[in-house]
Amino acid sequence: MTSLNLKIAGMTCGHCVMHVQKALRALDGVEVGQVQIGSAELQFDPAKRQVDDILAAIRDQGYEPSPVATA
């Protein structure tokens, strides 16, 4: 599993968090960690899912995700 931290623009409330969580949980190969207003932490299996698929699922909900570089 590969870790992925995202900044997510456009999230303003608990309903936004719920929509993003639901979209991520629907993706095979993705394990959702913490989702809060403006960010998400998750792990994914690169053999089953690509980062672009994850970003597209969030964009489909009306938000703009961007990966956060980790040291």
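This passage walks through the sheet, the helices, the core, one glycine and two cysteines of a predicted model. Local features need pLDDT of at least 70 and side-chain atom pairs count only at pLDDT 80 or more, while totals for chains, interfaces and linings use all residues. Residues are numbered from 1 along each chain as its sequence is written, and side-chain values use heavy atoms, with hydrogens and water left out.

Start with the sheet. It is open, has four strands in the order 2-3-1-4, and pairs in the antiparallel sense; strands here are DSSP E runs of at least two residues and helices are H or I runs of at least four, numbered from the N terminus. Pairing takes at least two DSSP bridges between two strands. Strand 2 and strand 4 (64–67) sit at the edges, each pairing on one side only. On average, neighbouring strands are turned by 25° against each other, direction ignored. Strand 2 and strand 3 are joined by five bridges, and in strand 3 Leu 42 is the bridge partner of Val 32.

Both helices meet this sheet. Helix 2 packs on it, touching strand 1, strand 2, strand 3 and strand 4, and makes about 30° with the direction of strand 1. Helix 1 lies across strand 1, strand 2 and strand 3, at about 170° to strand 2. For these angles, axes are lines fitted to C-alpha atoms, for helices over the stretch in contact, and values run from 0 to 180 degrees between N-to-C directions.

What about the inside? The largest nonpolar core has 19 residues, and Leu 24 and Ile 54 touch the most other members. Such a core is a set of buried Ala, Val, Leu, Ile, Met, Phe, Trp, Tyr and Cys residues joined through side-chain atoms within 4.5 Å. Leaving out residues up to four places away in sequence, Leu 24 touches Val 30, Val 32, Val 35, Ala 40, Leu 42, Ile 54 and Ile 58 (contact means heavy atoms within 4.5 Å).

Gly 38 sits in the loop between strand 2 and strand 3. It is partly exposed, at 24% relative accessible area; buried means under 20%, exposed over 50%, and partly exposed in between (1.4 Å probe, protein chains only). Its C-alpha atom is 5.9 Å from that of Ala 9, 29 residues apart along the chain.

Finally, the cysteines. The whole structure has zero disulfides, a disulfide being a pair of cysteine sulfur atoms within 2.5 Å. The sulfur of Cys 13 has its closest cysteine sulfur in Cys 16, 3.7 Å away, so it is too far for a bond. Cys 13 is partly exposed at 28%, whereas Cys 16 is buried at 7%.
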